[in-house]
Amino acid sequence: VSTFIMWRLYCFINRLIGNMKHIQNGPHFGSPIGGSSGSNSGDPFGGSRPPSPSDSLSKFFEPEKSDVRFNDIAGNEEAKEELKQIVDFLKNNKKYKKMGAKLPKGAILYGPSGTGKTMFAKAIAGESGVPFMYVSGSEFVEMYVGVGAARVRDMFAKARESSPCVVFIDEIDAVGKKRGHSDKNSERDQTLNQILVEMDGFNSLGSDVIVIGATNRLETLDEALLRPGRFDKHVSVDLPDKEGRHKILSLCLKKLPLLDSNINVERLSKKTIGFSGADLTNEIGRAHV
């Protein structure tokens, strides 16, 4: 038994030393984290230092490059109105602060796949005119202990420097699932804990950073993440009804002037029950081809 315990202790210490070397020196294989092998690929601010595993993989998006606006989205008018309020907060934050109103800490967009959650995020980026960071929830998940939490800290630090700022976390369920009692998911739990602290902790005081998350599995998210003070707004981006499908189809047809104008949009909207916005756009695209 003692031999087995000594062997397990040796393996644990060996792994711990390996993890510390990885965090200090970075990976020694392939290109540096963040994409290309250029010297600035891991630093969104253009720094010359080599990228580190603890650097956030989030990227800044230039609002003027966005070609998506709220007028380009149809079929979810209630969600659009709620998100327009957030954009108004960002554009006129001084006015709201003067009235004593506070910026919402976050908004979670939830609904089936293909209903336009990411497109809404692009519209917010294009309409707000403030710095916009985007990242996927899976980019925080690492096998190395502490790397995910370090990336969260780095991302929020950069967002606060550029405040007011929007941080968009796509597929947030990859890192925001309910915490369990098993040690198997301890790294993911540490990363989630760091997100909770950054959104509503001492570090969040005095900063105008709004976090927008997108998921199609809202029921799997941790309750602490969804409470008021973190994700204040829960915006449902559901499958469009008949009127919504009609608006989506009409909008698609406007962008395809060469398509046969004899298409009966009213009839088509009645026959496409259960179709998402992506499904409808795909059907119109097929007809165009």
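In this predicted model, the axes of helix α5 and helix α7 (residues 186–199) approach within 7 Å and cross at roughly 20 degrees. Because angles under 35 degrees count as roughly parallel, α5 is roughly parallel to α7. The crossing of the two helices is right-handed. The points below cover this pairing, helix α5 itself, the segments that follow α5, and a buried serine in a later loop.

**Contact between α5 and α7**

- On the α5 side, the contact is made by Val 147, Gly 148, Ala 149, Val 152, Arg 153, Phe 156 and Arg 160.
- Their partners in α7 are Glu 187, Gln 190, Thr 191, Gln 194, Ile 195, Glu 198 and Met 199.
- The residues of this contact comprise six nonpolar, four polar and four charged.

**Helix α5**

- Helix α5 covers residues 147–161, and its 15 residues should span 21 Å at 1.5 Å a residue.
- The C-alpha atoms at the ends of α5 are 21 Å apart, so the helix agrees with the expected span.
- The helix is mostly covered, with eleven of its 15 residues buried.
- The buried residues include Val 147, Gly 148, Ala 149, Val 152 and Phe 156, and these five also take part in the contact with α7.
- Charged residues occur in the buried set as well: Arg 151, Asp 154 and Lys 158 are buried.
- Ala 150, Met 155 and Ala 159 are also among the buried residues of α5.

**Backbone features after α5**

- Pro 164 is located in the loop between α5 and β4 (165–170).
- The peptide bond that joins Ser 163 to Pro 164 is cis, and its omega is near 0 degrees.
- Glu 171 belongs to the loop between β4 and α6 (173–176).
- Although Glu 171 is not a glycine, its phi is positive, at about 50 degrees.
- Glu 171 has a relative accessibility of 37% and therefore counts as partly exposed, a class that lies between the cut-offs of 20% and 50%.

**Ser 276 and its surroundings**

- Ser 276 sits in the loop between α10 (265–271) and α11 (277–288).
- The relative accessibility of Ser 276 is 3%, so this residue counts as buried; the cut-off for that class is under 20%.
- Leaving aside residues up to four places away in sequence, Ser 276 touches Ser 113, Gly 114 and Thr 115.
- Leu 239 and Pro 240 are also in contact with Ser 276.

Note on methods. Residues are numbered from 1 along each chain as its sequence is written. This is a predicted model: local features need pLDDT of at least 70, side-chain atom pairs count only at pLDDT 80 or more; totals for chains, interfaces and linings use all residues. Side-chain values use heavy atoms; hydrogens and water are left out. Helices (H or I, at least four residues) and strands (E, at least two) are DSSP runs, numbered from the N terminus. The expected span of a helix is 1.5 Å times one less than its number of residues. Buried means under 20% relative accessible area, exposed over 50%, partly exposed in between (1.4 Å probe, protein chains only). Contact means heavy atoms within 4.5 Å. Axes are lines fitted to C-alpha atoms, for helices over the stretch in contact, and angles run from 0 to 180 degrees between N-to-C directions. Angles under 35 degrees count as roughly parallel, over 145 as roughly antiparallel, 65 to 115 as roughly perpendicular and the rest as oblique. A crossing is left-handed if the near helix is turned anticlockwise from the far one by less than a right angle, and right-handed if clockwise.
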